[in-house]
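Welcome! Here are some short exercises to work through with the sequence and the 3D view side by side. Try each task before reading its solution.

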Amino acid sequence: MTPQAPRWIRNFVDGRFVDPDPAQIFDKSNPATGTAFAHVHQADRPVVDRAVTSARRALDGAWGRTSVQQRTALLRRAADRIEERFEEFVAAEVADTGKPVTQARELDVARAVTNFRAFADIVAAAGQESFITERPGGGTALNYAVHKPLGVVAVIVPWNLPLLLLTWKVAPALACGNAVVVKPSEDTPSTATLLAEVFVEVGLPAGVYNVVHGFGGDSAGEFLTSHPGIDGVTFTGSSATGSQVMKTVAPRVRPVSFELGGKNAAIVFDDVDLDEVLSGLSRSVFTNTGQVCLCTERIYVQRSIFDDIAAGLVERARDLRLGDPEDTQTTTGPLISQTHRDKVLTYFEMAEREGAKVLTGGGVPALGSGLEGGSWIEPTLWTGLTNADRVVREEIFGPVAALIPFDTEVEAITLANDTDYGLASAVWTNDLRRGHRVAQAMNVGMSWVNTWYLRDLRSPFGGMGLSGIGREGGESSRHFYTQPTNVCVSL
């Protein structure tokens, strides 16, 4: 690992960085080494209030008078500038998360650029609804909808894909004319702050984009969601936190868009190409060390190929290379923090108590080479569990999966849908009709067939049950980040 001198990560309010209060500082450590590399300024209630106030002032000022063309042109300039500073964003993301540098380049930062360009195109091309109504007494009326910005939007972003998910929300919000106050995770404050620099460089008016750092309860998160000046909240994170945010905004009846936890299932039928399925399952279980809301934690395999899939997936897991995130040969990074690793390890212990057979992993790897203080954990696979076991029912958010056999299609659907979550599923079969049939039977927001993590950004994305409320992506994002006013004109 390349040594990094500690640096300051400050709040960004009304177009400029706020000098830190020495009493409001916390340290940020690299998850791969456990070494602190930054001092982060925690926003107190007055700082959050200034951020919301500046966002409102921007809406009431020049930003509120910008055209769609002006706003989308600015987003495209931001995308260009991120590309120009690409390696800075990669380095910040790797330091915050410990993820492999290759993933940060190919997924996280690349997708941030795509998000800005895609939503610039989506919003620029959007039309408006209009209807001609025949009046009972004769004549007609024209009805059309004008989409106005939602207002000041609280954007609360998780730590697993911090820049990707930040831009997934900020890009459509700004394209639709909103002002935002961003609260990144305390575990990943860097890229939201670096993006503030980009917005200054491309000429975004002061107050349109604000960043407040801190924690949840009795900190920046609670101060922001409880602020009376907030017009809506978009949040990605745990189901428990989403529930708390709903309670906070309920008295003021503010709209929310929540993408929450998942306990996603994969169903593997016995007519598949084994190598294709094993490659797909390895990605869906172990990508980002399993710290993706869309990752697979339950794998239901038709009994006739169960042993083959189990053996093949164990081999793929053992081929993963854990190590220095700056090494391009590294495939798998650490968990985000020691606290999160402790949580995942409790599920390792629970799985054994519940009768699981550990096929591979189940502990903490010994890596050495300066990585001893990192939040490392072994990719882990279990058999011998059922849907009644807690490790099969509760989201773990790590590089883990339970393999469970099934005999019939009906049984597979029943097992996969036996969950309180409903974010995503993957169906693996070479029977085209069965693929469509089973995918449509899944009670989830996204159902893949013979692939995973492949999406068109114009399609709706979100979950059911404990996995969330609302949809974002394409027109769904435009609908959340705007409020339509219907105009009726007698003709």
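**Exercise 1. A residue and its patch**

In which strand is the place of V489? Then work out how V489 is classed by accessibility, and find its partners in a surface patch.

*Solution.* Keep in mind that this is a predicted model.

Step 1: Go to residues 482–490, which make up strand 23; V489 has its place there.

Step 2: Take the relative accessibility of V489, which is 31%. Partly exposed covers the range between under 20% (buried) and over 50% (exposed), so V489 counts as partly exposed.

Step 3: Look for its partners. V489 forms a nonpolar surface patch with I132 and L491, and together they have about 280 Å² of accessible area.

**Exercise 2. A lysine in a helix**

Find the helix that holds K169, decide whether K169 is buried or exposed, and list its contacts beyond the sequence neighbours.

*Solution.*

Step 1: K169 sits in helix 5, which spans residues 162–175.

Step 2: The relative accessibility of K169 is 1%. Buried means under 20%, so K169 counts as buried.

Step 3: Set aside the neighbours within four places in sequence. K169 is then in contact with V155, I156, T234, F235, T236, E472 and Y481.

**Exercise 3. Space inside**

How many cavities of 30 Å³ or more does the structure hold, and what surrounds the largest cavity?

*Solution.*

Step 1: There are four cavities of 30 Å³ or more.

Step 2: The largest cavity has about 70 Å³ of space. It is lined by 15 residues, and those closest to its centre are R298, A416, T419, A424 and V444.

Step 3: Now turn to the strands. At least two lining residues of the largest cavity come from each of strand 13 (264–268), strand 18 (421–422) and strand 19 (424–428).

**Exercise 4. Two positive phi angles**

Place T289 and N450 in their loops, then give the phi and the accessibility class of each residue.

*Solution.*

Step 1: T289 belongs to the loop between helix 9 (274–286) and strand 14 (296–302). Its phi is near 55°, a positive value in a residue other than glycine. With a relative accessible area of 3%, T289 is buried.

Step 2: N450 belongs to the loop between strand 20 (446–449) and strand 21 (464–465). N450 is not a glycine, yet its phi is positive, at about 60°. Its relative accessibility is 26%, so N450 counts as partly exposed.

Terms used: Residues numbered from 1 in each chain as written. Predicted model: local features only at pLDDT ≥ 70, side-chain atom pairs only at ≥ 80, totals over all residues. Heavy atoms only, no water. Patch = residues over 30% accessible without salt bridge, like charges linked within 9 Å, V, L, I, M, F, W, Y side chains within 5 Å. Areas by Shrake-Rupley, 256 points an atom, 1.4 Å probe, with all protein chains shown as cover. Salt bridge = Lys/Arg side-chain N within 4 Å of Asp/Glu carboxyl O. Helix = DSSP H or I, 4+ residues; strand = E, 2+ residues; numbered from the N terminus. Buried < 20%, exposed > 50% of the residue type's maximum accessible area, 1.4 Å probe, protein only. Contact = heavy atoms within 4.5 Å. 1 Å grid on protein atoms, 1.4 Å probe; cavity = no way out; pocket = protein on both sides within 12 Å on 5 of 7 lines; lining within 4 Å. Points joined across faces, edges and corners; volume = space filled by probe spheres on them.
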